[in-house]
Amino acid sequence: MSNHALARAGRWTLLVASSAWIVSCGSSEPLDPAARTTAVVGAMVEADRRELSGRGDLVAGKYARMARTLYDFYRGTMPIFRADLADPRMRIARTEFDLPGQLPFSIGDAHPENFGLLLAADGTLALEPNDLDAADRYPYQLDLRRLTVGLVLASRGARLEDDEEDAVVRSCVSSYLTTLRAIDDGTYAPHRIDDGTDPILADLFRRGRRDLAERAELAALTVLESGARRFVRGAPDVDDPENVLSDLPPWAFSEIDSSLATYRSSLATPPPEGELTVLDAVREHGSGVASWARIRVLVLVRGPSDAPEDDVVLELKEETQSGASGPLPPGVFSDDEADRIRRATRAAWSRSDAEPRWGASSWLGMPVQIRLESEAQKTFRTDRLEGDRASVSSISTIAAVLGEMLARIQASDGLGADGRFASRLVARVGDRETAFVTGEVEAAVAHADVVTLDWELFREALRARGPTLGFVGETPIDGPDLERRALYGTPAEVRPWE
Amino acid sequence: MGVRASIVGAGVAILWFATSAAAQDAGDSLVETGEPTTEAAQSTESTDAAPEVLVAAGSEPSTAAPTPTNPAPSATTTEDGVVEVGSVHVSLENGPGLGPTPGLGTLPTFDTRGGIPWSVSIGTQTFGQYELLFPSGADWNHRFSIPRAWLSLGFRVENAVGRVLLEGTRAIDDGALSGIADDSFLLRLREAWGGYRIADLVEIRAGLVPTLLTPWLTQHWWLRGVARIGLREHDLLAPADLGASAFIDLPEGFGRVGVSYTNGEGYSSRELNRGKNLELAADVHPLAFVPELRPLAIVLGYTNGSLGAGSARSDRVVGSLLWDQPEIGGGVTASYVLGLADRGEREGGLIDAWLRGLLFEHLILGAQVLHFVRDLATGTDTLTSLTLTAGALVIDQIRIYLAVDGRFADALARVATPAWERWDVRLVVEADVVARFFGAL
């Protein structure tokens with residue numbers, strides 16, 4: 001038997017053993033590794049099928065990124081999470097406190113790394129949800145559990161003990177419920193989240209303010225040549241060679257002006273037209289995780305003056321449908337993707353101008369989201385939970401903050417929700433708060449175990465099936481045309497993930 | 001029958017231009033033999049027997065007007081409702097002939113005088129619907145929709161057969177916002193196959209073919225305009241797929257048996273795994289030798305398949321006991337399900353019970369109950385639905401239904417499938433027509 005075969009056998013032994021460990025926690029039945037692999041692969045390929053058909057190399061990059069770390073895997077697995085939520089055999093799909101027929105507004109993927117700093121119109125930074133790709137209307141437990149499972153994984157990354165990760169989730173869910181009670185009885189005062197004494201928030205804001213003062217994105221992404229600024233080409237950061245900037249096809253570049261004109265009209269306070277004069281634009285590869293395969297373009301615009309110091313970088317990102325399955329008639333709650341994004345920002349943030357340059361448009365016929373690209377807008381990163389930021393008290397504090405934010409978002413009237421979610425859930429829970437919180441803790445911890453197993457199975461599937469999980473990609477007949485191929489571009493070589 | 005005559009007349013007018021040259025030679029007109037001439041009339045031997053029995057053959061002579069410069073050929077109508085225009089014959093059939101898949105195999109019988117018999121059929125089937133929705137725990141809503149819009153073109157030339165079936169569908173799924181040209185209705189291929197009949201008993205098809213079991217069960221149910229059969233409602237079997245199929249029309253009206261071998265992903269997806277679906281199906285009338293008991297039918301099916309890139313098991317074992325005659329029908333279908341979507345190890349069970357009747361030649365009554373246990377191991381996670389309908393067969397080609405549906409879930413399923421529970425009231429208008437042109441080359 002070769003070493004490779006031995007290694008594979010060893011890995012599978014580990015998987016079987018770990019699946020036995022899952023028995024008592026993740027689901028009511030043992031998770032058979034082979035069957036679970038089928039579910040994991042099936043859900044991912046089904047969700048990515050459109051992109052796999054035309055840009056398999058980009059999806060391969062996404063899968064490699066997901067294979068690298070457990071949390072990155074979690075970021076990319078919303079399709080599996082949704083499938084598990086629809087499977088009552090999974091602990092994550094069960095609750096005593098369901099609200100039939102109620103679909104409050106939510107951001108659709110509320111894991112902790114989808115929160116971060118946004119730069120408001122008054123130049124201040126505040127913590128807000130910063131990824132609205134999937135914002136729509138969902139059962140409340142989808143995002144509550146997406147958040148709490150993410151917190152468990154973050155806690156494990158910070159090497160907290162079992163009882164400590166329970167405490168983190170408990171802090172989040174208690175804060176969530178307390179906020180809903182306050183909203184219900186009218187005592188909740190909406191407020192922006194800014195830094196306090198918590199080490200995690202303090203670190204986030206400190207770095208954000210530093211980069212805001214330095215306009216760090218200009219230094220990182222652009223160069224000055226003969227008094228004019230333009231993007232660098234290649235990898236701006238030598239430590240991240242997969243993140244590269246490259247030329248846009250001229251025909252695609254020429255369409256950015258009209259896209260920005262539409263984008264401008266989507267903003268609550270549109271800037272003067274001259275501020276959006278395009279100076280340069282580049283295709284960006286290698287950013288994000290779940291949206292790794294989507295088209296991203298960085299656009300350098302003139303800003304308030306001709307001086308290169310106040311040039312502004314915008315990110316234009318391809319948007320797709322939210323993935324909400326439309327169980328309630330009429331099934332959709334906005335006119336189009338741009339309308340969904342625009343209305344979601346108004347509902348999700350603590351103030352409508354939390355990021356005044358966040359808008360929507362279309363470009364080359366596809367819906368796009370356009371927002372400020374600023375190094376100041378730091379995202380909460382679980383891999384920075386170290387030192388004093390890795391204590392149970394510190395993580396519990398950020399967990400409570402995120403729980404409060406999620407409650408505020410779901411209690412809103414975003415996308416036509418009736419705004420009565422808070423009173424409904426408060427009434428449903430009644431005086432059984434302990435049961436509610438305990439149930440959420442159990443579900444989150446159990447599902448974090450499932451995600452951990454899934455990650456191993458996913459990696460094994462990549463080894464066995466190849467970088468696109470065995471999906472046969474485009475053929476010369478039905479592959480993308482040359483123009484689309486040029487727009488997709490060629491990503492940098494993906495680093496081996498093991 | 002005035003409407004039927006008008007439609008036939010319009011078809012005749014079209015044919016008149018297309019075939020005017022041939023029509024000049026009245027001496028070449030084919031001669032009726034007195035044999036049954038429409039597929040409907042032959043339905044006792046065809047695979048689509050039950051629905052077509054409901055179709056009253058026969059129409060009145062065409063009233064298409066000739067012009068002075070191009071006098072119309074004489075159009076005559078036989079007792080069987082076949083209109084002869086020159087060398088081409090036209091018959092009009094209603095929807096079940098189009099059905100889930102019409103039996104193209106049977107050619108009208110007539111004297112070909114040694115020529116090669118041919119037949120071309122053009123059909124459409126449309127369900128227009130108004131729904132009043134009362135979701136559990138949420139506000140009511142209402143909407144118009146078209147659950148089905150089909151256009152078909154089928155042919156037979158001697159023993160070669162084929163069909164292309166287009167269906168209208170939304171560009172995207174529910175819940176999505178943008179697709180092709182916003183969220184337009186699009187035409188897509190539902191079927192596209194060619195085939196060959198051997199000894200008028202065996203038919204072999206290849207291409208995008210209809211599967212066997214679900215179309216056969218749907219034909220027995222007959223009220224597709226009101227509700228889908230359970231296997232389709234819960235998306236447990238695809239009605240068409242890429243691959244090949246073969247079936248045998250058993251003699252003396254004993255039914256049919258068949259086999260199909262397909263990708264397994266249905267007609268809306270490319271193949272996603274190496275596995276293929278093998279389907280075995282039988283739809284038999286075991287007591288066909290006793291005319292009074294011929295409506296008794298047994299449908300059995302087995303599918304061994306896989307689904308999705310993960311090759312999730314997708315096996316089905318189906319058994320159905322039915323009584324199928326135009327005036328009254330009823331049946332119970334039990335299905336064992338191994339594999340639900342990408343959960344290949346999951347075992348489920350589905351019961352589909354239905355009853356229908358046609359009273360006073362025009363009043364349609366029907367009821368369907370579906371009970372789906374999505375997890376047999378625990379006996380939980382169940383979805384139950386009930387449909388009651390009353391309708392009218394206005395003319396052969398138009399039916400109108402009023403339907404009430406209730407959908408219920410147990411505690412586990414209610415959480416997993418939010419907003420599934422609701423009551424609906426629906427008004428459905430079903431329009432079916434197939435025009436068949438036939439002659440000899």
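# Two chains set against their definitions

Author: In chain B, 60% of the contacts with a separation of 6 or more join residues that are 24 or more positions apart, two residues being in contact if their C-beta atoms, placed from the backbone, lie within 7 Å. This is a predicted model, in which local features need pLDDT of at least 70 and side-chain atom pairs count only at pLDDT 80 or more, whereas totals for chains, interfaces and linings use all residues. Residues are numbered from 1 along each chain as its sequence is written, while chains are lettered from A and ligands numbered from 1 in the order in which they are written.

Reader: What share of such contacts do residues 24 or more positions apart account for in chain A, and how many helices and strands does each chain have?

Author: In chain A the share is 76%. Counting DSSP runs numbered from the N terminus (helices H or I with at least four residues, strands E with at least two), one finds 16 helices and 12 strands in chain A, and 7 helices and 21 strands in chain B.

Reader: How do you know whether the radius of gyration of chain A agrees with that of a compact globule?

Author: The rule for a globule, with the radius taken over C-alpha atoms, is 2.2 Å times the number of residues to the power 0.38. For 498 residues this gives a value near 23 Å, and chain A has 23 Å, so the two agree. The C-alpha trace of chain A spans about 65 × 65 × 50 Å along its principal axes.

Reader: What makes a residue count as buried, and what percentage of each chain does so?

Author: A residue is buried if 20 or more other C-beta atoms lie within 10 Å of its own, exposed if 12 or fewer do, and partly exposed in between. By that count 53% of the 498 residues of chain A are buried, as are 48% of the 441 residues of chain B.

Reader: Why is helix 5 of chain A called largely enclosed by the rest of the structure?

Author: Of its 8 residues 7 are buried, and helix 5 of chain A is therefore described as largely enclosed. The buried ones are Met78(A), Ile80(A), Phe81(A), Arg82(A), Ala83(A), Asp84(A) and Leu85(A). They pack against helix 2, helix 6 (140–157) and helix 15 of chain A, and also against helix 7 (411–416) of chain B.

Reader: Is Glu255(A) buried, exposed or partly exposed, and why?

Author: Glu255(A) has 15 other C-beta atoms within 10 Å, so it is partly exposed. Glu255(A) sits in the loop between helix 10 (250–253) and helix 11 (256–266) of chain A. Its C-alpha atom is 9.9 Å from that of Ser362(A), which is 107 residues away along the chain. Apart from neighbours within four places in sequence, Glu255(A) is in contact with Trp363(A) and Leu364(A).

Reader: How many residues of chain A are in contact with chain B, and which helix gives the most?

Author: 44 residues of chain A are in contact with 35 residues of chain B. On the chain A side, helix 2 (33–54), helix 5 (78–85) and helix 12 (337–348) each supply at least two residues. Helix 2 of chain A gives the most, with 9 residues. The chain A side divides into 23 nonpolar, 12 polar and 9 charged residues, where Ala, Val, Leu, Ile, Met, Phe, Trp, Tyr, Cys and Pro count as nonpolar, Asp, Glu, Lys and Arg as charged, and the others, Gly among them, as polar.

Reader: What makes helix 7 of chain A oblique to helix 15 of chain A?

Author: The axes of helix 7 (residues 162–184) and helix 15 (residues 433–465) of chain A come within 9 Å and cross at roughly 130°. That angle makes helix 7 of chain A oblique to helix 15 of chain A, since angles under 35 degrees count as roughly parallel, over 145 as roughly antiparallel, 65 to 115 as roughly perpendicular and the rest as oblique. Axes here are lines fitted to C-alpha atoms, for helices over the stretch in contact, and angles run from 0 to 180 degrees between N-to-C directions.

Reader: Why is helix 2 of chain A described differently with respect to helix 15 of chain A?

Author: Their axes come within 9 Å and cross at roughly 80°. That makes helix 2 of chain A roughly perpendicular to helix 15 of chain A. Among the residues that meet are Val40(A) and Val41(A) in helix 2 of chain A and Leu457(A) and Phe458(A) in helix 15 of chain A. The contact divides into 7 nonpolar, 1 polar and 2 charged residues.
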